[in-house]
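Ready to find your way around a new fold? Grab a pencil and work through a few short exercises.

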Amino acid sequence: MVKYILQRVGYMIITLFIVTTLTFFLMKLIPGSPFNNFEKLTEVQREILLDKYGLNEPLPVQYYQYMVNMVKGDLGISFQFDNTPVTKLIANRIGPSAQLGLQAMIVGAVLGIFLGVIAALKQNTWIDYGSTFIAVVGKSVPSFIFAGLLQYYVSVKLGWLPVMLWKGPEYTILPTIALAMFPISIAARFMRTEMIEVLGSDYITLARAKGASRWQISVKHALRNALIPVVTVMGPLAVSLMTGSLVIEQIFGIPGLGEQFVKSINMNDYPVIMGTNILFAVLFVVVILIVDILYGIIDPRIRISGGKAK
Amino acid sequence: MEKILEVKDLRISFHTFSGEVQAIRGVNFDLYYGETLAIVGESGSGKSVTTKSIMRLLPENNSEIKSGQILFDGKDLTKLKDKDMQKIRGKDISMIFQDPMTSLNPTMKIGNQIMEPLIKHQNMSRHAAKERAIDLLKLVGIPKPEIRVDQYPHQFSGGMRQRVVIAIALACNPKVLIADEPTTALDVTIQAQILELMKDLQKKIDTSIIFITHDLGVVANVADRVAVMYGGKIVEIGTADEIFYNPQHPYTWGLISSMPDMDTDDEELFSIPGTPPDLLEPPKGDAFAPRNPYVMKIDLEQEPPFFKVSDTHYAATWLLHPDAPKVEPPEAVKRRQSQYQGTVGVGNGVALEKDKFPGKKEGK
């Protein structure tokens with residue numbers, strides 16, 4: 001297992017290297033300059049600015065410089081956000097995004113799996129149709145609609161929760177619900193399909209033939225087998241939620257990563273684009289590793305036999 | 001001979017979008033203590049549905065027991081509540097399924113899967129159940145059971161998995177064991193091993209077996225009695241010798257003729273022409289009539305009743321009616337009939353090796 005994880009970490013580093021390289025060169029293809037009113041400056045002023053930020057060097061040299069600094073943990077200084085180091089910028093912003101994403105993911109996975117399971121167990125009853133309805137609504141209605149509705153009814157009309165901002169646990173509830181609708185619907189749909197398939201399989205019939213009760217059959221035999229594909233889709237979904245939903249962060253005024261990322265692209269703020277992108281890539285490969293390890297825990301067939309096979 | 005299970009006039013339908021499929025149309029049979037009853041027939045003849053209904057394992061949403069009784073231990077299984085049925089499944093009646101590759105839970109240790117019925121029905125502690133699981137694995141011939149008990153199904157071969165399924169089925173010493181084509185998915189050498197194992201275990205734990213198969217070779221190997229099913233009905237039932245050496249129903253003739261025979265040098269393998277009846281609209285007369293080379297007018301109009309051939313042998317064909325013309329059965333059947341007449345005093349083991357299996361009670 002340890003050997004397997006080390007091997008995977010090796011692959012992760014290669015993946016990250018490739019992602020970083022690609023992003024670096026693709027980013028340079030974006031037209032425009034990172035500086036405001038660059039055209040109006042004199043030749044000398046431009047030279048000074050470009051020199052200061054190392055943008056005068058040939059591209060391969062810039063790339064080399066960046067990679068060396070990155071390995072040292074230095075992601076450069078933002079051109080736009082008050083010359084703050086990128087690492088500090090991200091560190092300040094990642095907290096709310098990660099918290100919101102994680103909360104939404106947990107709520108989404110738990111509720112979605114629950115809905116999917118009961119829908120499968122009560123197939124073609126009003127419970128099933130109700131769960132399907134929630135799933136369809138959650139998937140087809142964009143999160144900002146939920147956000148708006150929640151803000152209007154729960155906060156403005158009823159006054160139960162704050163409308164926006166990010167000042168404590170009660171502020172996180174509405175954005176979490178708005179953001180969780182999507183993972184709920186995804187988990188519910190997958191779970192229902194998988195459960196129905198698993199419940200129709202031979203080993204469930206055998207479990208019934210053993211005299212197992214309905215509860216034992218659904219929880220002990222079916223659930224674990226049905227979870228495998230659900231874990232697959234939920235992993236990458238978790239990353240996209242954690243790294244911030246731009247819209248939700250905007251609507252609720254949450255100081256998160258998503259907002260900053262889009263701004264940095266619009267302004268050609270190279271170091272911030274690079275930094276955020278590297279962060280996304282790291283999160284992504286880490287989540288994929290976690291998903292693979294989870295597979296092994298759920299399904300012994302995929303369990304990685306690091307020379308342990310008997 | 002005491003009966004352990006009685007199936008009386010069982011009728012089962014499936015409700016589908018195209019209408020009501022009458023899968024079982026009045027099935028009657030008894031199962032005696034310690035015997036092996038084979039149910040043979042082609043796909044769709046209703047053999048699996050019959051046995052699944054005994055276990056009450058038919059899908060609840062679209063199947064319906066229209067009428068009939070399944071008497072076990074004085075109880076009518078068709079009337080039991082699901083909770084009470086759970087107490088019988090796996091304890092008094094258990095089942096072995098066709099495909100060992102899919103009938104074990106892939107994410108559960110073998111040991112836990114065997115322990116489940118023990119803990120449920122015999123209130124064993126986990127520790128005691130595990131000991132028993134190891135014993136059971138040893139019983140079904142799995143080497144190193146102490147290690148194997150903690151392994152998962154994917155670490156076992158097909159034959160080994162079927163042994164595990166048998167261990168699960170036998171865990172609580174059931175009175176009735178239903179084997180639904182237990183060897184169909186296995187290759188021939190493993191088939192023989194599994195059949196050998198089942199015969200061996202039947203002796204040890206003294207259970208009655210209902211053995212479903214479409215393989216007459218397997219039937220000859222294991223069965224004391226044979227019921228032949230066609231179109232949702234039993235068309236002929238008798239001892240294994242009677243069915244193999246003195247068959248009466250034209251469908252049984254067809255089945256026997258289509259068995260490859262080592263004694264003749266027939267190049268071509270016989271097959272029964274036509275297709276099974278559509279049970280959405282079951283035929284009026286004998287369901288086999290359209291495929292029957294000996295068909296008579298009455299076959300198309302009226303269903304044949306059971307005619308008695310001997311105390312143990314019945315067949316539902318109008319050919320046995322006193323007024324019916326004498327017909328010549330196919331060559332393969334005639335050969336067998338002449339063997340049978342030469343060996344009256346059933347059970348001397350000429351071809352069926354019957355004397356190898358104690359527990360056989362008929363014909364003595």
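Here come three exercises on chain B of this predicted model.

**Exercise 1.** Work out in what order the strands of the open sheet in chain B lie, and which strands sit at its edges.

*Solution.* Start with the order: the eight strands run β6-β7-β8-β3-β9-β10-β12-β11, with mixed pairing. Next, look for strands that pair on one side only: these are β6 (93-96) and β11 (307-308) of chain B. Then check what lies on the sheet: helix α6 (residues 158-170) of chain B touches β6 and β7 (176-180). The direction of α6 makes about 175° with that of β6(B).

**Exercise 2.** Find out how β9(B) pairs with β3(B) and with β10(B), and whether β9(B) is covered or not.

*Solution.* Take β3 (residues 36-40) to begin with: four bridges join this strand to β9 (residues 225-230), and the two run parallel. Along them, B:Leu37 stands opposite B:Arg225, and B:Val40 has B:Val228 as its bridge partner. Now turn to β10 (residues 233-239), which pairs with β9(B) in the antiparallel sense over six bridges. B:Tyr230 partners B:Lys233 there. Two residues separate β9(B) and β10(B) in a hairpin, and B:Gly231 in the turn has a positive phi of about 55°. Lastly, β9(B) is mostly covered, with six of its six residues buried. B:Arg225, B:Ala227 and B:Met229 point one way, and B:Val226, B:Val228 and B:Tyr230 the other.

**Exercise 3.** Describe how α3(B) and α4(B) pack.

*Solution.* Get the geometry down: α3 (residues 110-122) and α4 (residues 126-139) of chain B meet at about 120°, axes 9 Å apart. Their crossing is right-handed. Then list the contact: it includes B:Ile114 and B:Leu118 of α3(B) and B:Ala133 and B:Leu136 of α4(B). By class, that contact has seven nonpolar, one polar and three charged residues.

Conventions:
Residues numbered from 1 in each chain as written. Chains lettered and ligands numbered in written order. Predicted model: local features only at pLDDT ≥ 70, side-chain atom pairs only at ≥ 80, totals over all residues. Axes fitted to C-alpha atoms, helices over the stretch in contact; angles between N-to-C directions. Left-handed = near helix turned anticlockwise from the far one by under 90°. Contact = placed C-beta atoms within 7 Å. Nonpolar A, V, L, I, M, F, W, Y, C, P; charged D, E, K, R; others polar. Pairing = 2+ DSSP bridges. Buried ≥ 20, exposed ≤ 12 C-beta atoms within 10 Å, placed from the backbone.
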